[in-house]
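Reader: I should like to learn how local and long-range features are read from a structural model. May we begin with backbone geometry in a loop and proceed from there?

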Amino acid sequence: MKFIRRKTLAAASTVALGVGLAVTGGLAPASAAGPETTFLVLAPQGASTDRAVARATAAQGTVVATYDQIGVLVVRSTNPDFVRQVAGAGVESVASTAGLGAALDEGETVELTGLAATTANPTGEPLFAQQWDMPMIKVPQAHAINAGSPDVVVGVLDSGISSSHPDLASQIARDKSASCIGGAPDTTEASWNPTTSDHGTHVAGTIAAAVNGVGVTGVAPGVKVAAVKVVNDDGYIFPEAAVCGFLWAAEHGMQVTNNSYYIDPWELNCRNDARQRPVWQAIQRAIRYSQSKGVLHVASSGNSNYDLAHKNVDSGSPNNGTPEVREVNSACLVLPGEAPGVVTVSAVGPTGAKSYYSSYGQGVVDVTAPGGDTRFRTQGARSTTSDAILSTTFNVVTRTNGWGYKQGTSMSSPHAAGVAALAASAHPGMNPGQLAAFLESTATPLSCPAGVYNPVPLLGSDYDATCSGGARNGFYGAGMVDAHAAVR
């Protein structure tokens, strides 16, 4: 599996969700202390967490968060024998999350140095003419009918959102924003602002940047976004942060979340792997619970040009150390993208063809959306910045807001999330399954290219890809999301 390395991110945590938060001390005979480690402790599905809490406490663990809704505890301990000691009645499984943080695919940001006014601008935004992605999915036509409702909130599970950005300050649901770093929510505004990455700020702008005569427009400027920070300052998304993020979205009335990341340092999480299985179980419980509370999750397919429908070998993971080669099979999935009920989004460039980096897969990709492709014009020889996605940025060095370009399926997913938010605004009352089906049924079908596809041959055969399927296929799923069709 080819793996595109990323940069990264963000913060700490504490406090409670609308979940029980317990802090307790250990009762077991003291063991020689090791490094403090975070564990996911799972009670049997549907059972009380009381016995799991007691066992974790007795094994010298501090319970950081108790997610009774799904039977999952986040526990920290310096006891090197914690896993063995916590096992028993009331505990179904347990795993350390040390080393299980996946690096965010940060991507390079190319900042604009000036804000030259443009003409032929249907939204009044100075930079709209550089947003080729918005006409591609018929955003101007959609805005003439419905630009979104403030009752619809999209959770941006990412690196935080700049609350001072002029295109976003009015768009953020501050009362629904939190940092989930460490596995428990922190609602202080500083905690969910960006620290070492502007990835979340860029994603948020694509979804909901304001129509205010400044900068750019989002797909759904009438909705609100909530910052749910799950990426730490080193750029990693640990499983406990993702669990917290999904539960936070569920308990705070979010209709849609955007998830431009994957969990685990291996791009594929294998349910038949003893260490990875508890992570799969915890994430799956969190996703199912949030879906039952009315949340649709939208996720990126990945930037490895990998056929997710035919998994054999993973040779580019883990991304937090030296990559290894391991055999994989159908029990190995990209999380959260391949979890049941999650809408998985591939990326296209300015011509509407698959971006050279976008992962794909028949039966895996549900829809496609603009993510940028800066290499296709030169067959891979050099980049054309304006073929990436223009959105809101935050310079983490100068601590200033701005606008700039990024590319990746991290950029395509928020386009789809924005269209889903428009659909939820125009047609309230749909449950997550109905909203996902509507997003797909209103998409514009795109055909498979013939033969072996590689828009960047000068970069070599690593970017060869073959599309399978008909009207619904491995490159584009049901097709290009259509904002206009979604609001009619």
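Author: We may begin with Asn 305, which is found in the loop between strand 13 and strand 14 (313-317). Please bear in mind throughout that this is a predicted model.

Reader: What is the phi of Asn 305?

Author: The general idea comes first: most residues other than glycine have a negative phi. Asn 305 is not a glycine, and yet its phi is positive, at about 50°.

Reader: Is Asn 305 buried or exposed?

Author: Asn 305 counts as buried because its relative accessibility is 2%, and buried means under 20%. Gln 379 offers a second case of backbone geometry: its phi is also positive, about 55°, although this residue is not a glycine. Gln 379 lies in the loop between strand 18 and strand 19. With a relative accessibility of 43%, Gln 379 counts as partly exposed.

Reader: Which other residue lies in the loop between strand 18 and strand 19?

Author: Ala 381 lies there, and strand 19 covers residues 389-395. Ala 381 is partly exposed, since its relative accessible area is 44%. Leaving aside residues up to four places away in sequence, Ala 381 touches Arg 375 and Leu 458. Separation along the chain can also be set beside separation in space: Ala 381 and Pro 457 are 76 residues apart in sequence, while their C-alpha atoms are 9.0 Å apart.

Reader: Where is a cis peptide bond to be found?

Author: As background, most peptide bonds are trans. Here a cis bond joins Leu 335 and Pro 336, with omega at about 5°. Pro 336 has its place in the loop between strand 16 (332-333) and strand 17 (343-348).

Reader: How is a sheet described, and what is the strand order of the sheet with parallel pairing?

Author: One states the strand order, the sense of pairing and the edges. The open sheet with parallel pairing has seven strands, in the order 8-9-7-11-13-17-18. Its edge strands, strand 8 and strand 18 (367-370), each pair on one side only. Within this sheet, strand 11 (residues 256-259) is joined to strand 13 (residues 296-300) in the parallel sense by four bridges. The bridge partner of Thr 257 in strand 13 is His 297.

Reader: Which sheet has antiparallel pairing?

Author: That is an open sheet of four strands, ordered 2-3-1-4. Strand 2 (61-67) and strand 4 (93-96) are the edge strands, each pairing on one side only. On average, neighbouring strands of this sheet are turned by 20° against each other, direction ignored. Strand 1 (residues 37-42) runs antiparallel to strand 4, and four bridges join the two. Leu 40, for instance, has Ala 95 in strand 4 as its bridge partner.

Reader: Which helix packs on the sheet?

Author: Helix 8 (residues 277-292) does, touching strand 1, strand 3 (72-77) and strand 4. The direction of helix 8 makes about 65° with that of strand 1.

Reader: To close with a side chain, why does Ser 162 count as buried?

Author: Ser 162 counts as buried because its relative accessibility is 0%. This residue lies in the loop between strand 7 (153-158) and strand 8 (178-179). Its side chain makes a polar contact, at 2.6 Å, with the side chain of Asn 401. Residues up to four places away in sequence being set aside, Ser 162 touches several others, among them Leu 168, Ile 172, Asn 193, Pro 194 and Phe 394.

Note on methods
Residues numbered from 1 in each chain as written. Predicted model: local features only at pLDDT ≥ 70, side-chain atom pairs only at ≥ 80, totals over all residues. Heavy atoms only, no water. Pairing = 2+ DSSP bridges. Axes fitted to C-alpha atoms, helices over the stretch in contact; angles between N-to-C directions. Contact = heavy atoms within 4.5 Å. Buried < 20%, exposed > 50% of the residue type's maximum accessible area, 1.4 Å probe, protein only. Polar contact = N/O pair within 3.5 Å; in protein donor to acceptor, adjacent residues only side chain to side chain.
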